[in-house]
Amino acid sequence: MSTILVTGACGFIGWKVCEKLLAGGDTVVGVDNLDDAYDVRLKQWRLAQLQGRPGFAFHRVDISDRDGVRSFGQSSRKSGRVDVVVNLAARAGVRRSVTDPWVYVAANVNGTVNLLELCRELDVGSFVLASTSSLYGEDTPAPFREDADTSRPLSPYAASKKAAEAMAYSYHSLHGLDVTVLRFFTVYGPAGRPDMSLFRFVQWISEGREVVVFGDGTQRRDFTYVGDVANGVRAALTAARGYEIINLGSDKPIVLNDAIRLIEQLVGREAAVRHEPRHPADVEATWADISKARRLLGWQPETDFAAGVGELVDWYRRNRDWARDIVT
């Protein structure tokens with residue numbers, strides 16, 4: 001078994017990755033700054049699912065704080081070896097990055113550099129970096145392959161992730177660090193991010209609120225269940241060597257209007273939809289080519305979209321007394 005440092009441990013994907021690692025017998029050092037990018041009650045709920053479990057330790061650290069990361073590294077050196085760093089901490093979201101790009105650079109670029117330096121100082125051999133399907137633009141042939149041109153990102157968020165990928169490559173080249181970059185495609189599921197469409201739709205339809213759709217709803221998204229993504233992250237810890245970029249997606253794009261109809265059926269309530277103009281930083285469709293993940297990781301998604309959305313709806317019902325008040 002290994003000792004894995006997971007940043008963003010209270011985030012949507014990070015929490016589920018920690019659960020999978022702990023269930024497999026690994027020791028997990030969880031790091032998160034518990035910021036208020038969205039309702040912190042979600043992060044506290046996720047952390048509560050992890051605390052007290054054997055093999056889990058939590059540290060409140062902001063990865064964009066160079067001195068804080070360095071201090072954490074010094075204390076980690078005394079407590080034992082870290083085998084792999086999994087960087088899932090990030091400031092995510094396309095639209096918000098247009099209005100506040102600085103915080104995206106701080107978390108996604110500076111934070112990644114701080115962790116790469118931590119790997120060098122602690123002699124950590126492997127680094128897994130969360131990246132995004134937002135790097136693929138409108139002109140990318142579908143399904144999106146990892147070798148597609150991603151040199152022209154459409155948003156500061158995508159640009160910050162592209163920069164993180166490039167910095168990780170430089171540390172691989174200079175210091176021999178094994179790096180696996182995982183490009184996630186529209187992750188959804190229980191306790192998800194409230195700025196993501198499916199969480200918002202479930203809340204809005206459940207509470208009889210207006211459902212805001214940017215565009216005409218015919219856009220397609222490669223929705224990927226969080227448990228499947230977490231399995232892919234775990235597989236990446238040992239399967240890949242060198243420097244690899246790997247898509248983790250469902251390979252089954254869903255039309256947004258169809259997702260709304262499914263949620264209507266599961267919730268038992270009709271949606272009151274209002275359309276707004278499509279944001280220029282949004283792409284019309286995402287679709288992952290996951291042949292590389294199958295080949296290198298032995299991974300493929302297992303959760304049917306309807307079943308995954310059902311899990312999200314069930315979670316919302318169980319936590320509705322506070323989840324209904326989350327700002328979406």
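**Exercise 1.** In which sense, left-handed or right-handed, does α7 pass α9?

*Solution.* The model is predicted: local features require pLDDT of at least 70, side-chain atom pairs count only at pLDDT 80 or more, and totals for chains, interfaces and linings use all residues. Residues are numbered from 1 along each chain as its sequence is written, and side-chain values use heavy atoms, with hydrogens and water left out.

Step 1. Locate the elements: helix α7 covers residues 197–206 and helix α9 residues 256–267. Helices (H or I, at least four residues) and strands (E, at least two) are DSSP runs, numbered from the N terminus.

Step 2. Obtain the geometry: the two axes come within 10 Å and cross at roughly 45°. Axes are lines fitted to C-alpha atoms, for helices over the stretch in contact, and angles run from 0 to 180 degrees between N-to-C directions.

Step 3. Classify the angle. Angles under 35 degrees count as roughly parallel, over 145 as roughly antiparallel, 65 to 115 as roughly perpendicular and the rest as oblique; α7 and α9 are therefore oblique to each other.

Step 4. Assign the hand. A crossing is left-handed if the near helix is turned anticlockwise from the far one by less than a right angle, and right-handed if clockwise; α7 passes α9 in a right-handed crossing.

Step 5. List the contact (heavy atoms within 4.5 Å): Ser 197, Leu 198, Phe 201, Val 202, Ile 205 and Ser 206 of α7 meet Leu 256, Ala 259, Ile 260, Ile 263, Glu 264 and Val 267 of α9.

**Exercise 2.** Determine how α5 and α6 are oriented to each other.

*Solution.* Step 1. Helix α5 (residues 101–122) and helix α6 (residues 156–175) have axes that come within 9 Å and cross at roughly 15°.

Step 2. The two helices are therefore roughly parallel to each other, and α5 passes α6 in a right-handed crossing.

Step 3. Residues of α5 in the contact include Tyr 104, Val 109 and Leu 116, while those of α6 include Tyr 157, Ala 164 and Met 167.

**Exercise 3.** State the strand order of the open sheet and place β4 within it.

*Solution.* Step 1. Two strands pair if DSSP finds at least two bridges between them. Seven strands form the open sheet, in the order β3-β2-β1-β4-β5-β6-β11, with parallel pairing.

Step 2. The edge strands, each pairing on one side only, are β3 (56–60) and β11 (243–248). From one strand to the next the twist averages 20°.

Step 3. Four bridges link β1 (residues 3–7) to β4, with Val 6 partnered by Val 86. Four bridges also link β4 to β5 (residues 126–132), where Asn 87 is partnered by Leu 129.

Step 4. Both faces of β4 (residues 84–87) are covered: Val 84 and Val 86 on one side, and Val 85 and Asn 87 on the other, are all buried. Buried means under 20% relative accessible area, exposed over 50%, and partly exposed in between (1.4 Å probe, protein chains only).

**Exercise 4.** Identify the residues that touch the most other members of the largest nonpolar core.

*Solution.* Step 1. A nonpolar core is a set of buried Ala, Val, Leu, Ile, Met, Phe, Trp, Tyr and Cys residues joined through side-chain atoms within 4.5 Å.

Step 2. The largest core has 74 residues, and the members sought are Val 86, Phe 184, Leu 198, Phe 201 and Phe 305. Apart from it lies another core, of 25 residues, among them Phe 72 and Leu 118.
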